[in-house]
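Hi,

Here is the structure I promised to pass on to you. Have a look at it first, and then read on for what turned up.

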Amino acid sequence: MTPRLVVIGAGPVGLEAALAAATRGFDVTVLEKDEVGANLRRWGSTRLFSPVRMNVSAAARRVLGAACPPEDALLTGPEMVARILEPLASSAPLLGRVRTRHRVTAVGRARLTRRDLPGHPMRGERPFRLLVEGPAGEEVLVAEYVLDASGVYGLPAALGAGGIPAPGERALNGRLIRDLGCLDERLRELSGRDVLLVGHGHSAANALEAFASLSDPPRVTWATRSANRRPCVEVASDPLPERERVTTRANAMAEAPPPFLTVARRASVESIDTRGGRLGVALTDGGGGVFDAVVGLTGYRPDLSFLSELALEIAPASEGAARLTRALRGVTDCLSAPAVRPEDLQSGEPGFHLIGAKSYGRLPTFLMQSGIGQAGAIVGSLGAA
C-alpha cells in the first residue's frame, strides 16, 4: 500500500513538504484550515526580508517555471501567495491534494493514547487518526505520517507583563490589532489618532515605518520591554538589506523620537479597558493613557492543543520541538543557525514532525529557508514510497 502522508497547513513550508512527498510517491493530503497561504496574507504590504531564491526550493521553481518571480525579488506576503503558493498548490504534482477550509481538531494514534508506549518505536506501527472539520462536517483521516506545518500566527502572545494577558485584554481581543495585515487595512483611519504600539521586534519596526509614512501620523506611544535606546536587534553587516533598513530606521526613531512618537522603555501592558469607545491602558512603567487603537506585535506561540494525545517532546521555554531547540541553543540570528542532524528533527512521536515556524515555537530565529530545508530532510528520512 502506498504510504499516506498528511501535511497540516498550506503555507510555504507545508506546500514544499507536500511537493517533496508527492515527488517521492507518497499519497499526500494537505489540510488547511483557511485558504492557501493564509498566514502570509496577514502580512499586508510588508515585504519579506529574504529574496525569492531563499524562500522557494529549486524543485518548486522548476514546477513554477517561467512564472516564478525573479530570484532577487522581495515579495510581500500576499504577493508570495498569489505568485508562488497558489500556482504551486494547483500545479500537477499537488492538484487535488490541497483541501482548504479543513481544520484538524485532533491527532492521535489508532487505539493508543499518549500514555501507551511513549518513546517506543512500536507506536510507529499504528497509523495516525486525524479528526478533521470541513465544510461537510467532521471526518476521520488515517495516515502513516503527519507533518504539522500550521505555523504560529494564529495564537498571538499576550500583551501583559510576564507573558500573561493583562486584566481586560482577553475581553478586547477582537479590538486589538495583532498583525501587520490588519494594521495595513486600518492605517489610514489611524491618521492623527492616539495609538499604542507594543513590541520591539521586526513587526513593530515595520509598524513604526508605516506610521511614519502617513502625511498625518498618529500620536504613537511605543511600549517596549527593552531598556535599550535602540530596542530592535541589529545585525552587524546584515546580509539582508531590507531587514537592515527597517531595523535601522526604527532604532533611529527610538533614539531621537520624531514629534509623533513617545517611547516607553521597560514597559508592558498592566491593564486595559474600554472608555467611551476608546481604550484605556496602564503601563508597568507608570505611564499609559487613552488610545484609539492598540497594536500588539509581541510575537506568537504555537497551538499544541490538538496534539494533546501525541507523545511529543516539547521544549519548555520555546514550546517548539525539544530536540531542535537544543540544537539551536545559543543562536541569536536566523542566518547563523547551524545545519541540524536528522535526529534533531525528530519529535519523539514516530512518523510525526513539527516543521517550519511551528518547530521553532516562540524562538524568533526562524527563517523560511530553514523550514524548506527541514521539509526536504524530513521527507527524505521517511524513505521512498
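**What I found in it**

The place to begin is an open sheet of five strands, ordered β3-β2-β1-β7-β15, with parallel pairing. β3 (98–99) and β15 are the edge strands, and each has a single partner strand, so one side of each is left without a neighbour in the sheet. Before you go further, do keep in mind that this is a predicted model.

How do the strands of a sheet hold on to each other in general? They pair through backbone hydrogen bonds, in either a parallel or an antiparallel way.

Here is how some of the pairs in that sheet look up close. Four bridges link strand β1 (residues 4–8) with strand β7 (residues 145–148), and the two are parallel. If you want a spot to click on, L5 has Y145 of β7 as its bridge partner. On to the next pair: β7 is joined to strand β15 (residues 352–354) by three bridges, again running parallel. There, V146 sits opposite F352 of β15, and L147 has H353 of β15 as its bridge partner.

**The other strands**

There is also an open sheet of three strands, in the order β4-β5-β6, and its pairing is antiparallel. Which strands are at its edges? They are β4 (103–109) and β6 (137–143); each has a single partner strand, so one side of each is left without a neighbour in the sheet. From one strand to the next, the twist averages 20 degrees. Between β4 and strand β5 (residues 128–134) there are six bridges in the antiparallel sense, and A106 has L131 in β5 as its bridge partner.

Another pair to look at is strand β8 (residues 194–198) with β14, which are parallel and share four bridges. V198 is found opposite G296 of β14. Strand β14 (residues 293–296) is covered on both faces: A293 and V295 are buried on one side, and V294 and G296 are buried on the other.

**Helix α1**

Helix α1 covers residues 12–23, which makes 12 residues. From its first C-alpha to its last it reaches 17 Å, close to the 16 Å expected at 1.5 Å a residue. Is α1 mostly covered or mostly open? Mostly covered, with 10 of its 12 residues buried. The buried ones are P12, V13, G14, L15, E16, A17, A18, L19, A21 and A22. After α1 comes G25, which has a positive phi, near 95 degrees.

**Cavity and pocket**

How many cavities of 30 Å³ or more does the structure hold? There is one. The largest cavity has a volume of about 30 Å³. Its lining is made up of L48, S50, P51, V52, N55, A73, L75, M80 and I84. Two helices, α3 (52–55) and α5 (77–89), each give at least two residues to that lining. By type, the lining of the largest cavity has seven nonpolar residues, two polar ones and no charged ones.

The second largest pocket has a volume of about 230 Å³. Its lining counts 14 residues, and those nearest the centre of the pocket are S45, T46, D184, N206 and A210. The elements that contribute two or more residues to this lining are α6 (180–186), α7 (202–212) and α8 (241–255). Which element gives the most? That is α7, with four residues. By type, the lining of the second largest pocket divides into five nonpolar, four polar and five charged residues, whereas the lining of the largest cavity has no charged residues.

**One last residue**

While you are looking at α7, find S203, which belongs to that helix. Is S203 buried, exposed or partly exposed? Its relative accessibility is 29%, and buried means under 20% while exposed means over 50%, so S203 counts as partly exposed. You could also look at S203 together with F306: they are 103 residues apart along the chain, and their C-alpha atoms are separated by 28 Å.

Cheers

Note on methods: Residues numbered from 1 in each chain as written. Predicted model: local features only at pLDDT ≥ 70, side-chain atom pairs only at ≥ 80, totals over all residues. Heavy atoms only, no water. Pairing = 2+ DSSP bridges. Axes fitted to C-alpha atoms, helices over the stretch in contact; angles between N-to-C directions. 1 Å grid on protein atoms, 1.4 Å probe; cavity = no way out; pocket = protein on both sides within 12 Å on 5 of 7 lines; lining within 4 Å. Points joined across faces, edges and corners; volume = space filled by probe spheres on them. Nonpolar A, V, L, I, M, F, W, Y, C, P; charged D, E, K, R; others polar. Expected span 1.5 Å × (residues − 1). Buried < 20%, exposed > 50% of the residue type's maximum accessible area, 1.4 Å probe, protein only.
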